[in-house]
Amino acid sequence: MIGHNGSVLPPDNHVHTEWSWDAPAAASMVRSCEQALAAGVPSVAFTDHLDFTVWTDGDRIAEENIAPRPYSRMHLLEVTGYLAAVEECRQRYPDLRILSGAEIGEAHLWAASAHAVVAAAGFDRVLGSVHAIPFDGRLTAADDLFGHMPADEVMRRYFGEVVRLVEDSDVFQVLAHLDFPRRMWPRAAGPYDERSFEPEYRAILRALAASGRVLEVNTKSPLVSAGLLRWWREVGGRAVSFGSDAHQPWRVGDKFKLAADVVEAAGFRAGRDRFDFWRL
Ligand SMILES: [Zn+2]
Ligand SMILES: [Zn+2]
């Protein structure tokens, strides 16, 4: 029997490797597997970035005439090579459960493109993310917005866009880092307080719960509170996923014991087996 008293860590459902366009030189799928085994997480999902820069018919970004993000480094995930690397790791590390996957940026704006890739790749784990929001006619990185408006206004615009992602896209199963810009919250704005955004958080959580999907606790972001996870329960949320959002192998499973304690304090427990999400 697997207990929930900290002896078994949850799966790490959010890890990046050298296949992500923003990965540093040190990123390595092989070394991430070794770290997962060393850290004691039972499984790992390689959710490399699937970001689009060129629209196709049926993508709302074109219909709304929004300019894509101008990151020159950004390039499309090479799905065939990526899947081959996952398969190699499965052969090499039979004691580790390895899930294929992707973290899709702004999937509601790129619906046709995203569905085409996901259908062809057959990913095990798909994360939905907002990293950039439409501002001034272009998709603008969340961190750039802090230079344009008050910090609380950045968060409110971001939260609004996350609601649109959840309501308009069904291509993903887990909502990643629901308050991503909090990572860049300016010191001058004072301490970040989840409670001052309670209505906005609840709107996201309600939409996510209504579609029966899963909330991620991201351990790269400042950790969400047990109070926020109680809001998740109150609006009907039933499952939690853990993600290190590692872009370097040493971060796989990082802060998972602490995160598991917070999730447990909100009433969630290890699921059907050690590879499952944590559930009520
Ligand atoms: Zn992300
Ligand atoms: Zn990520």
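## D245, a buried zinc donor

Start with D245: at 2% relative accessibility, D245 counts as buried (buried means under 20% relative accessible area, exposed over 50%, and partly exposed in between, with a 1.4 Å probe and protein chains only). You'll find D245 in the loop between β9 (239-243) and α9 (256-265); helices (H or I, at least four residues) and strands (E, at least two) are DSSP runs, numbered from the N terminus. D245 also has a positive phi of about 55°, although it is not a glycine.

A quick word on what you're looking at: this is a predicted model, where local features need pLDDT of at least 70, side-chain atom pairs count only at pLDDT 80 or more, and totals for chains, interfaces and linings use all residues. Residues are numbered from 1 along each chain as its sequence is written, chains are lettered from A and ligands numbered from 1 in the order in which they are written, and side-chain values use heavy atoms, with hydrogens and water left out.

## The zinc ion that D245 holds

Which residues join D245 around the zinc ion (ligand 2)? The protein donors are H14 (NE2), H16 (NE2), E103 (OE) and D245 (OD), lying 2.1 to 2.2 Å from the zinc ion (ligand 2). Donors here are N, O and S atoms within 2.8 Å of the metal (3.2 Å for Na, K and Ca); water is not among the atoms, so sites may look incomplete. Along the sequence, these donor residues are spaced H-x1-H-x86-E-x141-D.

The angles among the four donor atoms run from 81 to 174°, and the site of the zinc ion (ligand 2) is irregular. For that label, four donors count as tetrahedral if all angles lie between 85 and 135 degrees; four count as square planar and six as octahedral if opposite donors are over 155 degrees apart and all others between 65 and 115; anything else is irregular. The site also links distant parts of the chain: H16 sits in the loop between β1 (12-15) and α1 (29-39), while E103 is in strand β3 (residues 97-105), 87 residues apart. H16 is buried, with a relative accessible area of 1%.

## E103, shared by two zincs

Now for the other metal. The zinc ion (ligand 1) has E103 (OE), H131 (NE2) and H177 (NE2) as its protein donors, lying 2.1 Å from it. Their spacing in sequence reads E-x27-H-x45-H. E103 bridges the zinc ion (ligand 1) and the zinc ion (ligand 2), which lie 3.4 Å apart. E103 lies in strand β3 and H177 in the loop between β7 (174-175) and α7 (198-210), so the pair ties together parts that are 74 residues apart in sequence. Both E103 and H177 are buried, with E103 at a relative accessible area of 0%.

## Around the bridge

What does the side chain of S129 make a polar contact with? Its partner is the side chain of E103, at 2.5 Å (a polar contact is a pair of N or O atoms within 3.5 Å; within protein, one must be able to donate a hydrogen and the other to accept it, and residues adjacent in sequence count only if both atoms are side-chain atoms). S129 lies in strand β4 (residues 125-129) and is buried, at 0% relative accessible area. Leaving out residues up to four places away in sequence, S129 touches E103, I104, G105, E106, L165, A176 and H177, where contact means heavy atoms within 4.5 Å.

One of those, E106, has a phi near 50°, a positive value in a residue other than glycine. E106 belongs to the loop between β3 and α4 (111-121) and is buried, with a relative accessible area of 2%.

## Two cysteines, no bond

How many disulfides does the structure hold? Zero, with a disulfide taken as a pair of cysteine sulfur atoms within 2.5 Å. The sulfur of C33 has its closest cysteine sulfur in C89, 3.8 Å away, which is too far for a bond. Both residues are buried: C33 has a relative accessible area of 0%, and C89 has 2%.

## How confident is the model?

The mean pLDDT of the chain is 95, and 97% of its residues reach 70 or more; pLDDT is the predictor's confidence in each residue, from 0 to 100. Over residues 1-6 the pLDDT is below 50, and beyond near neighbours in sequence this stretch has seven contacts in the model. Where pLDDT is low, the predicted coordinates should not be read in detail.
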